[in-house]
Amino acid sequence: MTAAKKTTTAAAKAAEAKDAPTTFEFKDVTFSIPAPLDLPDEVLDVIEEGGSERAIARAIVGKEQWAAYRALGNTIGEFNTFLDLVSEAAGFGDSGN
């Protein structure tokens, strides 16, 4: 596990304990994820409906941050990295990708 991953995991655990948002950097852009219990209810709908990891990530980050992510012109591999960061920040741990 890289130092950045350790920091993100520690930050996610601390945020969950404090019910505070967690931020992370991806390609020099800062993303902010609400504390787990402050995530939009839409996240539960997407999960319940069997949504893809991409749909879940989009629901977690919200429309504005998803637009910022999309503007970066990412590859599929970079999406996997982003997904791991979103999952950890949201308190779900590593996405497994």
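Helices and strands here are DSSP runs numbered from the N terminus, with at least four residues for a helix and at least two for a strand. The model you're looking at is predicted, so keep that in mind as you go.

**Exercise 1. Place F92, then work out which surface feature it belongs to.**

Step 1: Start with the location. F92 sits in the segment that follows α4 (76-89).

Step 2: Check the exposure. F92 has a relative accessible area of 46%. Partly exposed runs from 20% to 50%, so F92 falls in that class.

Step 3: Look for nonpolar company. F92 joins L44 and I47 in a nonpolar surface patch, and together they offer about 300 Å² of accessible area. A patch member needs over 30% relative accessible area, and F92, at 46%, passes that cut-off.

**Exercise 2. Sketch the overall layout of the protein.**

Step 1: Count the elements. The protein has four helices and two strands.

Step 2: Put them in order. Along the sequence the pattern reads α-β-β-α-α-α.

Step 3: Add the bulk numbers. There are 97 residues, and 33% of them count as buried. The accessible surface comes to about 5800 Å², with carbon and sulfur atoms holding 55% of that.

Step 4: Ask how contacts span the chain. Take the contacts with a separation of 6 or more: 49% of them involve residues 24 or more positions apart.

**Exercise 3. Walk through the loop between β1 and β2 and say what is unusual about the backbone at K27 and D28.**

Step 1: Recall the background. Most residues other than glycine have a negative phi.

Step 2: Read off the angles. K27 has a positive phi of about 50°, and D28 has one of about 65°. Neither K27 nor D28 is a glycine.

Step 3: Compare their surroundings. K27 is partly exposed at 36% relative accessible area, whereas D28, at 77%, counts as exposed. The cut-off for exposed is over 50%, which is why D28 gets that label.

**Exercise 4. Which residue forms a salt bridge with K27?**

Step 1: Check the count. There is one salt bridge.

Step 2: Name the partner. K27 pairs with E78, and their closest N and O atoms are 3.3 Å apart. The cut-off is 4 Å, so the pair qualifies.

Step 3: Trace the chain. The bridge links distant parts of it: K27 is in the loop between β1 and β2, E78 is in helix α4, and 51 residues separate them.

Step 4: Check the exposure of the partner. E78 is partly exposed, with 26% relative accessibility.

**Exercise 5. Map the aromatic cluster and find the arginines lying over its rings.**

Step 1: Count the pairs. There are eight aromatic pairs.

Step 2: Join them up. F24, F26, F31, W66, Y69, F79 and F82 are linked by ring pairs into a cluster.

Step 3: Add the charges. R54 lies over the face of F79, 5.1 Å from the ring centre. R58 does likewise with W66, at 5.5 Å. Both F79 and W66 belong to the cluster.

**Exercise 6. Where is P21, and how far is it from S32 in space?**

Step 1: Locate P21. It's in the loop between α1 (3-18) and β1 (22-26).

Step 2: Classify it. P21 has 54% relative accessibility, so it counts as exposed by the over-50% cut-off.

Step 3: Set sequence against space. P21 and S32 are eleven residues apart in sequence, and their C-alpha atoms are 6.4 Å apart.

Key. Residues numbered from 1 in each chain as written. Predicted model: local features only at pLDDT ≥ 70, side-chain atom pairs only at ≥ 80, totals over all residues. Heavy atoms only, no water. Phe/Tyr/Trp six-rings, centres within 6.5 Å; stacked < 30°, edge-to-face > 60°. Lys NZ or Arg CZ within 6 Å of the ring centre and 35° of its normal. Buried < 20%, exposed > 50% of the residue type's maximum accessible area, 1.4 Å probe, protein only. Contact = heavy atoms within 4.5 Å. Areas by Shrake-Rupley, 256 points an atom, 1.4 Å probe, with all protein chains shown as cover. Patch = residues over 30% accessible without salt bridge, like charges linked within 9 Å, V, L, I, M, F, W, Y side chains within 5 Å. Salt bridge = Lys/Arg side-chain N within 4 Å of Asp/Glu carboxyl O.
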